[in-house]
Amino acid sequence: MERLKNGFLIWIQDVKNWYRGVLAALIYILIADLLFGNMCPMVLVFGYPCPACGLTRAGLSLLAFHPDVALLFNPMIYPIAAVMIYAVGCRYIMQCKCRGIIPMIVMISIGLMVLYCYRMKYQFPSNPPMVYNSRNLIAYLKKR
């Protein structure tokens, strides 16, 4: 019980330390989504999907207990979720260092890039979320 109490205190301290950044990210997401209908900077600037395309929808699908839908949006949500659970467990429950987290993040990043290349070759531009968005900054500047 003491460990959970300490973990909660660590979480409170983390919230105090990081709330400005989280708040700024949430404001950006809200404004970008309301104004442009998309929050991805790569899509907003270039119109092309990014390597992380579909991860937000995949994560929300996973949280809503729709693992099959999450898999379609972006299958990399599974290793990302596993690493997040591991990190949260280490930080707040076990209260120890997350050993091996950097190699895990590197492997996920490589996996995202490999999947991106595959999706751009075989799914772009016909399968959402791998579609071109013509409402982007570069297209707008070219028209001027």
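**Notebook: a look through an all-helix model**

**Entry 1: Phe65**
I opened at Phe65, which sits in the loop between helix H3 (55-63) and H4. For helices I used DSSP runs of H or I with at least four residues, and for strands runs of E with at least two, numbering the elements from the N terminus. A note to myself before going on: this is a predicted model, where local features need pLDDT of at least 70 and side-chain atom pairs count only at pLDDT 80 or more, while totals for chains, interfaces and linings use all residues. Residues are numbered from 1 along each chain as its sequence is written, and side-chain values use heavy atoms, with hydrogens and water left out.

Phe65 caught my eye for its backbone: phi is near 65 degrees, positive although the residue is not glycine. As background, most residues other than glycine have a negative phi, and most peptide bonds are trans. I also looked up its accessibility: Phe65 counts as exposed because its relative accessible area is 72%. My classes are buried for under 20% relative accessible area, exposed for over 50% and partly exposed in between, with a 1.4 Å probe and protein chains only.

**Entry 2: Gln95**
I found another positive phi at Gln95, near 55 degrees, again in a residue other than glycine. Gln95 belongs to the loop between H5 and H6. With a relative accessible area of 30%, Gln95 is partly exposed.

**Entry 3: cis peptides**
Next I went through the omega angles. Phe124 and Pro125 are joined by a cis peptide bond, with omega about 0 degrees. Pro125 lies in the loop between helix H6 (101-122) and helix H7 (137-143). I noted a cis bond from Pro128 to Pro129 as well, where omega is near 10 degrees. Pro129, too, lies in the loop between H6 and H7.

**Entry 4: the whole chain**
Stepping back, I counted seven helices and zero strands, which reads as α-α-α-α-α-α-α along the sequence. The C-alpha atoms fill a box of roughly 60 × 30 × 30 Å along the principal axes. I get a radius of gyration of 18 Å, against near 15 Å for a compact globule of 144 residues. That value is taken over C-alpha atoms, and the globule rule is 2.2 Å times the number of residues to the power 0.38.

Of the 144 residues, 26% are buried. The chain exposes about 10500 Å², with 73% of that from carbon and sulfur atoms; these areas come from the Shrake-Rupley method with a 1.4 Å probe, and for residues only the protein chains shown count as cover. Among contacts with a separation of 6 or more, 49% are between residues 24 or more positions apart, a contact being heavy atoms within 4.5 Å.

**Entry 5: the salt bridge**
How many salt bridges does a search of the whole structure find? I get one, taking a side-chain nitrogen of Lys or Arg within 4 Å of a carboxyl oxygen of Asp or Glu. Arg91 pairs with Asp14, and their closest N and O atoms are 2.7 Å apart. Arg91 is in helix H5 (residues 77-94) and Asp14 in helix H1, so the pair ties together parts 77 residues apart in sequence. The two ends differ in class: Arg91 is partly exposed at 39% relative accessible area, whereas Asp14 is buried at 12%.

**Entry 6: Met76**
I placed Met76 in the loop between helix H4 (67-73) and H5. Met76 counts as buried because its relative accessibility is 13%. Leaving out residues up to four places away in sequence, Met76 touches Leu55, Ile108, Gly111, Leu112 and Leu115. I also checked Met76 against Cys96, 20 residues along the chain: their C-alpha atoms are 26 Å apart.

**Entry 7: cysteines**
I looked for disulfides and found zero, using a cut-off of 2.5 Å between two cysteine sulfur atoms. Cys53 is in none, its nearest cysteine sulfur being that of Cys50, 5.0 Å away. Cys53 is buried, at 10% relative accessibility. For Cys117 the closest cysteine sulfur is also in Cys50, but at 13 Å it is too far for a bond.

**Entry 8: a nonpolar patch**
Last stop, the surface. I found a nonpolar patch of Phe8, Leu9, Trp11, Val15, Tyr19, Leu23, Ile27, Ile31, Leu35 and Phe36, together offering about 980 Å² of accessible area. Patches take residues with over 30% relative accessible area and no salt bridge, joining nonpolar side chains (Val, Leu, Ile, Met, Phe, Trp, Tyr) within 5 Å and like charges within 9 Å. One member, Ile27, is in helix H1 (residues 2-36) and is partly exposed at 43% relative accessibility.
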